[in-house]
Amino acid sequence: VDFNVRLDESPTARVHFVVRLADGGLPDVDTVDLERRLAEASRSWSDDLVGELLAEHGEERGAGMGRRWAGAFPEAYKEDFAASTGATDAGRLEELLGRVADDGAAEATALSLYEPVDAVEGEARLKVYRVGAPLSLSQVLPTLTSMGVEVVDERPYGLSGLGRPAHVYD
């Protein structure tokens, strides 16, 4: 396989591949599936997020949410979660942002207890959605411990570009 990369003033790049086949010629290729896989590979996490928001919230609301949330999630979140999860989390944070705006409150919090698909028996995760000042684990840990919860990991994600501080803690 040989390839050439062409960069110019545009925001895109062109990559040209030359694949030399062994004797026997071209194998049977499902071109529709190949085109779908190439299109999927060229989409960013943010593109997938916008697609999920459109599917989940409809054209008008989903497009507005897509503009608002496409750049809000940090790279660490994108590495840890699929865009479909991001769309769900954006919906929950959107509700909190609306509640804060309606009530004039400085902060709001919501919780989500879930079991990951690949979880072992008895494992569950808790997501804390927060609009306002960030929480520290030392603030939350005593409450969780008194409920009999063993905390083995915390993953905080600070979101940006939303007009107010927002966080997801997993």
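The following conversation looks at how helix H2 packs against two other helices in a predicted model.

Colleague: Why are H2 and H5 called oblique to each other?

Modeller: Helix H2, residues 45-57, and helix H5, residues 83-103, pack at an angle of about 55°, with their axes 8 Å apart. Angles under 35 degrees count as roughly parallel and those from 65 to 115 as roughly perpendicular, and an angle outside the named ranges is oblique, so H2 and H5 are oblique to each other. Their crossing is right-handed.

Colleague: Which residues make the contact of H2 and H5, and how do they divide by class?

Modeller: On the H2 side the contact is made by Trp45, Asp48, Leu49, Glu52, Leu53, Glu56 and His57, while H5 brings Ala83, Ser84, Gly86, Ala87, Thr88, Ala90 and Gly91. The residues of this contact divide into six nonpolar, five polar and three charged.

Colleague: What makes H2 roughly antiparallel to H3?

Modeller: The axes of H2 and helix H3, which covers residues 59-69, cross at roughly 150° and come within 7 Å. Angles over 145 degrees count as roughly antiparallel, and therefore H2 is roughly antiparallel to H3. The crossing of H2 and H3 is right-handed.

Colleague: Which residues of H2 and H3 meet, and how many are nonpolar?

Modeller: From H2, the residues Leu49, Val50, Leu53, Leu54 and His57 meet Glu59, Arg61, Gly62, Ala63, Met65, Gly66 and Trp69 of H3. By class, the contact of H2 with H3 has seven nonpolar residues, together with three polar and two charged ones.

Methods: Residues are numbered from 1 along each chain as its sequence is written. This is a predicted model: local features need pLDDT of at least 70, side-chain atom pairs count only at pLDDT 80 or more; totals for chains, interfaces and linings use all residues. Side-chain values use heavy atoms; hydrogens and water are left out. Axes are lines fitted to C-alpha atoms, for helices over the stretch in contact, and angles run from 0 to 180 degrees between N-to-C directions. Helices (H or I, at least four residues) and strands (E, at least two) are DSSP runs, numbered from the N terminus. A crossing is left-handed if the near helix is turned anticlockwise from the far one by less than a right angle, and right-handed if clockwise. Contact means heavy atoms within 4.5 Å. Ala, Val, Leu, Ile, Met, Phe, Trp, Tyr, Cys and Pro count as nonpolar, Asp, Glu, Lys and Arg as charged, and the others, Gly among them, as polar.
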